[in-house]
Each structure stands twice: as C-alpha cells, then as structure tokens.
Amino acid sequence: MSDEAGSWVLLAQFDSEDAADMMWGDAGALYWLIRPEDLAERRFKRAIFTWQCS
C-alpha cells in the first residue's frame, strides 16, 4: 500500500441492496474516505467519494 493510500480511512460505505431498491452500477458500492486528522477536526468537506462496480 502506498503512503498516500494508507493515509485515508473509510468514513461511510453503502452497498447495493435489491430489497431497498438501491443499485449502484452493476451491484456496486459507494465509498466516502477521509484523513484521520480531518475526521478528528470534523472537516467533512475534505472527504472524498468513489464508487466501484463489477
């Protein structure tokens, strides 16, 4: 793992769920990541978003 990748922590994750009628791409997931120091200071505007699907 690179130093940069290791400096982020998972803030939130939402997986696709048929029962809730939530589908992100092809059964994907949504991710929000944040650096620990930003989380400690509640600087949520510095969080980043990404998503993955198959």
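## Terms and overall fold

Helices and strands here are DSSP runs, a helix having at least four residues and a strand at least two, and they are numbered from the N terminus. With that in hand, welcome to the structure above, which is a predicted model. Its chain holds 1 helix and 3 strands, and along the sequence these elements follow the pattern β-β-α-β. The first loop to look at is the one between S1 and S2, where Asp21 has its place.

## Size, surface and charge

Let's start with the outline of the chain. Its C-alpha atoms fill a box of roughly 35 × 25 × 15 Å along the principal axes. The radius of gyration is 13 Å, whereas a compact globule of 54 residues would have one near 10 Å. Buried residues make up 15% of the 54 residues. Among contacts with a separation of 6 or more, 32% link residues 24 or more positions apart.

The accessible surface amounts to about 4300 Å², and carbon and sulfur atoms account for 53% of that. As for charge, the chain carries 5 positive and 10 negative side chains, and the centres of these two sets are 16 Å apart.

## The loop between S1 and S2

Two residues of this loop deserve a visit. Ser16 sits between strand S1 (9–15) and strand S2 (29–34). Ser16 counts as buried because its relative accessible area is 18%, and the cut-off for buried is under 20%. Its side chain has polar partners in the backbone: a polar atom of the Ser16 side chain lies 3.0 Å from the backbone nitrogen of Trp24, and one lies 2.8 Å from the backbone oxygen of Gly28. Leaving out residues up to four places away in sequence, Ser16 touches Met22, Met23, Trp24, Ala27 and Gly28.

Asp21, in the loop between S1 and S2 as well, counts as exposed because its relative accessibility is 72%, and exposed means over 50%. Its backbone has a feature to check on your screen: Asp21 is not a glycine, yet its phi is positive, at about 55°. Most residues other than glycine have a negative phi.

## The helix and the loop after it

Helix H1 covers residues 36–40 and includes Asp38. Asp38 counts as buried because its relative accessibility is 4%. The side chain of this acidic residue makes a polar contact with the side chain of Arg46, at 3.4 Å. Setting aside residues up to four places away in sequence, Asp38 touches Arg43 and Arg46.

Arg42 belongs to the loop between H1 and S3. This arginine counts as exposed because its relative accessibility is 66%. Phi of Arg42 is near 60°, a positive value in a residue other than glycine.

## Strand S3 and its partners

Strand S3 spans residues 48–52, and Phe49 is part of it. Is Phe49 buried, exposed or partly exposed? Phe49 counts as partly exposed because its relative accessibility is 43%, which falls between the 20% and 50% cut-offs.

Which residues does Phe49 contact, leaving aside neighbours within four places in sequence? Phe49 is in contact with Leu30, Tyr31 and Trp32. Phe49 and Leu33 are 16 residues apart in sequence, and their C-alpha atoms are 6.4 Å apart in space.

Key:
Residues are numbered from 1 along each chain as its sequence is written. This is a predicted model: local features need pLDDT of at least 70, side-chain atom pairs count only at pLDDT 80 or more; totals for chains, interfaces and linings use all residues. Side-chain values use heavy atoms; hydrogens and water are left out. The radius of gyration is taken over C-alpha atoms; the globule rule is 2.2 Å times the number of residues to the power 0.38. Buried means under 20% relative accessible area, exposed over 50%, partly exposed in between (1.4 Å probe, protein chains only). Contact means heavy atoms within 4.5 Å. Accessible areas come from the Shrake-Rupley method with a 1.4 Å probe; for residues, only the protein chains shown count as cover. Lys and Arg count as positive and Asp and Glu as negative; His and the chain ends are not counted. The place of a charge is taken as NZ of Lys, CZ of Arg, CG of Asp or CD of Glu. A polar contact is a pair of N or O atoms within 3.5 Å; within protein, one must be able to donate a hydrogen and the other to accept it, and residues adjacent in sequence count only if both atoms are side-chain atoms.
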